[in-house]
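Here is a briefing on one chain and its ligand. Look over the sequence and the structure, then read the points below.

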Amino acid sequence: MAELKRTDLSVQHERVVLMAVLLPGRMINVHRPLDELASLAETAGAEVVDGLVQKLTKVHSATYMGRGKAEELRDRAEANEAGTIIFDNDLSPRQIRELEEITNCKIIDRSELILDIFAGRARTREARLQVELAQLQYTAPRLRGMWTHLERLAGAGGGGAIGSVGGIGTRGPGERQIEIDRRLVRDRVTRLKGELAKIDRRKQREVQSRATEFTVSLVGYTNSGKSTVMNALTGAGQPVEDKLFATLDTKTARWNLGDGQTALLSDTVGFVRDLPHRLVASFRATLEEVIHADLLLHVVDVASEEAPLQIRAVNEVLEELECADRPTLVLLNKMDIVEDPSIVQIVESRVGRSLRISGHTGVGLDAVVEAVSEMIDGAVVTTTVRFPAREGKLSSWIDQMATVLDRRYDNDSVELDLRISRTHLDQLCGRHPALTIVDQNG
Ligand SMILES: Nc1nc2c(ncn2[C@@H]2O[C@H](COP(=O)(O)OP(=O)(O)OP(=O)(O)O)[C@@H](O)[C@H]2O)c(=O)[nH]1
Ligand SMILES: [Mg+2]
């Protein structure tokens, strides 16, 4: 019976009971451990009817939580007529099975819930493919009867091969069906990876073509106000919602900083603690702008008492993307509704350079423009370089990465006057010993 329940992992319109197991060292608000999970569940369309918390020093390998507590969970679900229990933790396929036996409910873990939200919100083709890949990879080993799930994905826009197996599931999840499911999943994963690799290459070219521009990326916890700040700075018209994961793709707009100075500003998907690794990996194309940005603007909701935890979670994702040491300016957002100023002070003492702002009222945004403008001035230099004329590849690389102000030929060598970012100039010198810097100012 439990196997049949796990053919569809959506929790939309379901009455659910929440469960958080608190373990030492986990990033969670111990005073209100179910708050975020409740927002996630509601974002996914579920109706939260009850919640339970258990403190443990270590997990039980078979049932994750204590058996007695699992039975209490069953009673709570029964009393509230809930058919689904959502865990704030990630569970192994075996733990899910055991817990479904005990509670007689569908068990959804944290990653599955997040993936479900992403699936419901993905609008662009790129986002849909990315979510589907992450879902298949995370969910496949956890499902017995896959086909209903696959059909749902196909119906949701994944499209293609899966839809053509419609009807098979009516035979139920027998052994043979499991084999067919596994093969279908493998084939689909291969196809999705191929399509995503193509998108990835296109995105890389796109990002590279902007290499002569100064690029800035907004990053931050979901709902911290990234899109609001983006709109306030550029008038980009990004949708803003008091919901988790309102933005799932990346939008880039020109940011006019005054005095003819411009940069490209990108707004992208928000992060959340314990973001499934698969999801981060498959969202690489969407995060391409972040990965290559000259500067990160880390937006923090300092009106939330969870701000310090959220900063840690964002930094972990940045580490995973290998851009933890990128120049970063922290924007302490929602200053207009801060109730506890000590949170702002704590955050200020823990992060590097930060500015207090409100994307809503616009307070503090002038200082952001000024700070970024100064960074651009420091980050771009005017220089003269010389190299042998036969180095054609080097010449075309420079054409892509820099603005060539003047080009002079002298016997067998070329001399170029350039406007180029410091980072690119360092790369250039490191990779091409044949190149010499003749003159540099700024
Ligand atoms: N009071 C106040 N509310 C803000 C401020 N900035 C954003 N908000 C609100 O916070 C909510 C989330 O804002 P978004 O800009 O959508 O946040 P986001 O970081 O883009 O969120 P996701 O795309 O979902 O990750 C919205 O309801 C905004 O109106 C601010 O400075 N002050
Ligand atoms: Mg947003």
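With 8 C-beta neighbours inside 10 Å, Glu-81 is classed as exposed. The cut-offs behind that class are these: 20 or more other C-beta atoms within 10 Å make a residue buried, 12 or fewer make it exposed, and anything in between makes it partly exposed, with C-beta atoms placed from the backbone. This is a predicted model, in which local features need pLDDT of at least 70, side-chain atom pairs count only at pLDDT 80 or more, and totals for chains, interfaces and linings use all residues. Residues are numbered from 1 along each chain as its sequence is written, while chains are lettered from A and ligands numbered from 1 in the order in which they are written.

**Overall make-up**

- The chain has 442 residues, and 39% of them count as buried.
- Its secondary structure comes to 16 helices and 14 strands. Helices (H or I, at least four residues) and strands (E, at least two) are DSSP runs, numbered from the N terminus.
- Among contacts with a separation of 6 or more, 70% join residues 24 or more positions apart. Two residues are in contact if their C-beta atoms, placed from the backbone, lie within 7 Å.

**Positive phi outside glycine**

- Glu-81 sits in the loop between α3 (67-79) and β3 (84-87). Its phi is positive, about 50 degrees, although Glu-81 is not a glycine.
- Phe-245 is not a glycine either, and has a positive phi of about 60 degrees. The loop between α9 and β6 (251-258) holds Phe-245.
- Is Phe-245 buried or exposed? Phe-245 is buried, with 21 other C-beta atoms within 10 Å.
- Glu-322, just after α12, also takes a positive phi of about 60 degrees.

**Ligand 1**

- The shell around ligand 1 has 24 residues. The closest are Gly-225, Asp-242, Thr-247, Gly-270 and His-360. A residue belongs near the molecule if its C-beta atom, placed from the backbone, lies within 6 Å of it.
- By class, the shell holds 5 nonpolar, 13 polar and 6 charged residues. Ala, Val, Leu, Ile, Met, Phe, Trp, Tyr, Cys and Pro count as nonpolar, Asp, Glu, Lys and Arg as charged, and the others, Gly among them, as polar.
- Helix α9 (residues 226-234) gives the most to this shell, with 3 residues.

**Helices α12 and α6**

- Helix α12 (residues 307-320) has 14 residues. From first C-alpha to last, α12 reaches 20 Å, close to the 20 Å expected at 1.5 Å a residue. The expected span is 1.5 Å times one less than the number of residues.
- Which residues of α12 are buried? They are Ala-307, Gln-310, Ile-311, Ala-313, Val-314, Val-317 and Leu-318. They lie on the same side of α12, because they cover an arc of only 165 degrees around the axis. The arc is that of the directions from the helix axis to the C-beta atoms.
- These buried residues pack against β5 (215-220), α10 (277-282), β8 (295-301) and α13 (341-350).
- Helix α6 (residues 125-139) has 15 residues and spans 21 Å, close to the 21 Å expected. Of these 15 residues, 14 are buried, so α6 is largely enclosed by the rest of the structure.

**Strands β1 and β8**

- In β1 (residues 15-22), 6 of the 8 residues are buried.
- Strands β1 and β2 (residues 47-55) run parallel, joined by 8 bridges. Two strands pair if DSSP finds at least two bridges between them. Val-21 has Gln-54 of β2 as its bridge partner.
- Val-300 belongs to strand β8. Val-300 is buried, with 26 other C-beta atoms within 10 Å.
- Val-300 and Ile-311 are 11 residues apart in sequence and 7.1 Å apart in space, C-alpha to C-alpha. Beyond residues up to four places away in sequence, Val-300 touches ten others listed here: Gly-220, Ser-224, Ala-307, Gln-310, Ile-311, Val-330, Leu-331, Leu-332, Asn-333 and Val-347.

**Around α14**

- Gly-364 lies in the loop between β10 (354-356) and α14 (365-379). Gly-364 is partly exposed, with 17 other C-beta atoms within 10 Å.
- Not counting neighbours within four places in sequence, Gly-364 contacts Met-335, Leu-355, Arg-356, Ile-357 and Ser-358.
- Val-368 lies in α14 and counts as partly exposed, with 18 C-beta neighbours inside 10 Å. Leaving aside residues up to four places away in sequence, Val-368 touches Leu-331, Leu-355 and Ile-357.
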